[in-house]
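Thank you all for coming; I would like to walk slowly through one structure today, and I will try to leave time for each part to be found on the screen. Please have the sequence and the picture open side by side as we go.

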Amino acid sequence: MKKLAITVSMATLIICSIFLVNNSSDKVSGNKITEEVVLKTENLLENGKIKHSVTKDNEDSKEIEVRVNMNNGNLNKQDMANYKKENSKNMASLAKTKSIIPSTVTFTSPISIDEFETLVNKNQIQVESFNLIALDNNNMHQFIQGVPNEESIIPKDKLEEVLNGADLEGVYAFKGNIPSKFIEAFNSNKSVYLTDVSKTILTEKSNKLKKEDEHLDVHVDDVFWFVNEIE
Amino acid sequence: MNKKLLFLTVLLVFALLPNFGLARDTDYTPGASFAWSPYSWNVNSYVDSSDSSEIVASFEKVKFNQTATDLHNGAYYLTFEINNTTDNVPHNGWYSSNIPYAKYDKDDDNGNGYSEEIEAIKSYVGAKINANQEYYFRTSWFDSTDEWGEFDMIIQRSVVNPLNGEFEGYHYDFLETRYWFNF
C-alpha cells in the first residue's frame, strides 16, 4: 500500500511538472506563437471547482483577461447552490453601493423575444449582448450571440439573417447593466436561474494588476449548459 | 532498472506523446495535421453583397471522423478560432455556431480597439461532438475603408489547466488562410 502511494505520488508529480513547464502556455497570435502569462488564480468555491484567473495572452499584450473558470466536468448541484448563495450575498452588498450592476443572466429555460424585451424594459436594463438558441435545418442546436442596435434590443433583420432558416426557440441568457434598485427582485423572478454579479468584484480585484496602458477584459459566462445538462 | 523506475519512465513517455498525454499538438502550416483535426471543411471570408457594411468569415461543413471525435470528447473544449492577422476591422458582436453550448470570445491584445482573435468554444466539456456531423461557426465585422484583410482559420482543443484553473487553447491546428477584398 505504501509503495502504491509513493508510486501514485511520483506519477502525479511528473504530470504536474509537465503542466508547470507549460504554465505559461503557448498562444496563437497572428501567425506567431507566443507565451501566455498567468498573473493570478483564486478559488471562488472552496473545493476549487470554480476559480477565477487573470492572464495575458503574452508578455506584450495590452489586454488582461479575467475569467470565471468552471471545472464543469464535475460541477454538481450543490456546488452551483453554493455559488448562487455566495452570489446573492455579493448582490446584496453591491446593491448598497452601486447604482447599476453589470450582470450575466441565465434563464431557467429559453424565453420568447417578447418576454425578454418586456422583462428588460420593465427593469430598465441596458443590454450589452444576448444569447439565443434555435434548431437548424440539420436538427442541430444553433447558439447565437448578438448585440442591440440603436432601434431595438434584438434587431430582427439581423437575427433573421443569422438564423439562416433555423427555428428560434428563445433567449437563454444575456449580459447587461441592471439597476441596483431592481436587481434582487429581478433575480427572484421565476424565469431567472442566475443573475451573476461577479464582474464588478473581479474587475475591482484585477484592477490592481493592470498597468496604465493595459485594459481588462472580464468574462463571466452564462451557465445555460448547467441548467440544461445538470439541473 | 527496477520496475517502479520503468513504470515512471513509460508514464513520462506517454505523457509527452500527442493524444496520450500532455504534450502539445501545435501546427501553423496549412491543412489538417493531427488525428483530432477535421477531415474536411470549407472556410470563407468575403464582403457581404446583400449588406455591404459587413465582412463575413465562417467555418462551414467541418467534419471529424470517429477517431477525431473520440480524441475531442471527454476532456477537451472544441474551439474554432479566427485569427484576424490584418487587425483592421472592428467586430460587430454577432456569432452563430452549432458547436454544443457554443460560447464566444474576442481578444484585443494590442489595445487598438479591434479584435485580432475571435473564437467559438464548446462551453460544456461533457457535451459530445459527433463523427461526420457538419459543424459551423459564422461571424461578422463592420466594414472599413481598408481594401482587404486576412483571416487565419484554426481548430483548437482547449482545456482547463488543473493546476491554476486557467482555460487555455492547448492544442491547435491551422487549417487555411482566407482573404476579403473591398473593391
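In what sense, and over how many bridges, do strand β3, residues 54-63, of chain B and β8(B) pair? Before I answer, please keep in mind that what we are looking at is a predicted model. The two strands, β3(B) and β8(B), pair in the antiparallel sense, and they do so over seven bridges. If you would like to find this pairing residue by residue, B:Val56 has B:Ser140 as its bridge partner in β8(B), and B:Ile55 stands opposite B:Trp141 of that strand.

For those who have not met sheets before, strands of a sheet pair through backbone hydrogen bonds, and they can do this either parallel or antiparallel.

Let us stay with β8(B), which also pairs with strand β5, residues 91-97, of chain B, again in the antiparallel sense, this time over four bridges. Here B:Tyr95 is matched with B:Thr139 of β8(B). Is β8(B), residues 135-142, enclosed or open? Seven of its eight residues are buried, so the strand is largely enclosed by the rest of the structure.

Stepping back, these three strands of chain B belong to an open sheet of nine strands, whose order is β10(A)-β6(A)-β9(A)-β7(A)-β8(A)-β5(B)-β8(B)-β3(B)-β2(B), with antiparallel pairing. At the edges stand β10 of chain A, residues 192-196, and β2 of chain B, residues 40-47, each with a single partner strand, so that one side of each is left without a neighbour in the sheet. From one strand to the next, the twist of this sheet averages 15°.

Chain B also contributes an open sheet of six strands, with mixed pairing and the order β1-β10-β9-β4-β7-β6. Its edge strands are β1, residues 26-27, and β6, residues 102-107, each of which pairs on one side only. Within this sheet, strand β9, residues 148-160, pairs with β10(B) in the antiparallel sense over 13 bridges, and one of the matched pairs is B:Gln156 with B:Tyr172.

While we are on strand β10 of chain B, residues 167-181, I would like to point out B:Leu175, which has its place there. Why do we call B:Leu175 buried? A residue counts as buried when 20 or more other C-beta atoms lie within 10 Å of its own, and B:Leu175 has 21. Leaving aside residues up to four places away in sequence, B:Leu175 touches several others, among them B:Trp41, B:Val43 and B:Ile154. B:Leu175 and B:Tyr28 are 147 residues apart in sequence, and yet 8.0 Å apart in space, C-alpha to C-alpha.

Finally, let us turn to chain A, which has seven helices and 11 strands, and in which buried residues make up 35% of the 231 residues. The axes of helix α2, residues 77-97, and helix α5, residues 180-187, come within 8 Å and cross at roughly 160°, and these two helices are therefore roughly antiparallel to each other. The crossing in which α2(A) passes α5(A) is left-handed. On the α2(A) side the contact is made by A:Met91, A:Ala92 and A:Ala95, and on the α5(A) side by A:Ser180, A:Ile183, A:Glu184 and A:Asn187. By kind, these residues divide into four nonpolar, two polar and one charged.

Key
Residues are numbered from 1 along each chain as its sequence is written. Chains are lettered from A and ligands numbered from 1 in the order in which they are written. This is a predicted model: local features need pLDDT of at least 70, side-chain atom pairs count only at pLDDT 80 or more; totals for chains, interfaces and linings use all residues. Axes are lines fitted to C-alpha atoms, for helices over the stretch in contact, and angles run from 0 to 180 degrees between N-to-C directions. Angles under 35 degrees count as roughly parallel, over 145 as roughly antiparallel, 65 to 115 as roughly perpendicular and the rest as oblique. A crossing is left-handed if the near helix is turned anticlockwise from the far one by less than a right angle, and right-handed if clockwise. Two residues are in contact if their C-beta atoms, placed from the backbone, lie within 7 Å. Ala, Val, Leu, Ile, Met, Phe, Trp, Tyr, Cys and Pro count as nonpolar, Asp, Glu, Lys and Arg as charged, and the others, Gly among them, as polar. A residue is buried if 20 or more other C-beta atoms lie within 10 Å of its own, exposed if 12 or fewer, and partly exposed in between; C-beta atoms are placed from the backbone. Two strands pair if DSSP finds at least two bridges between them.
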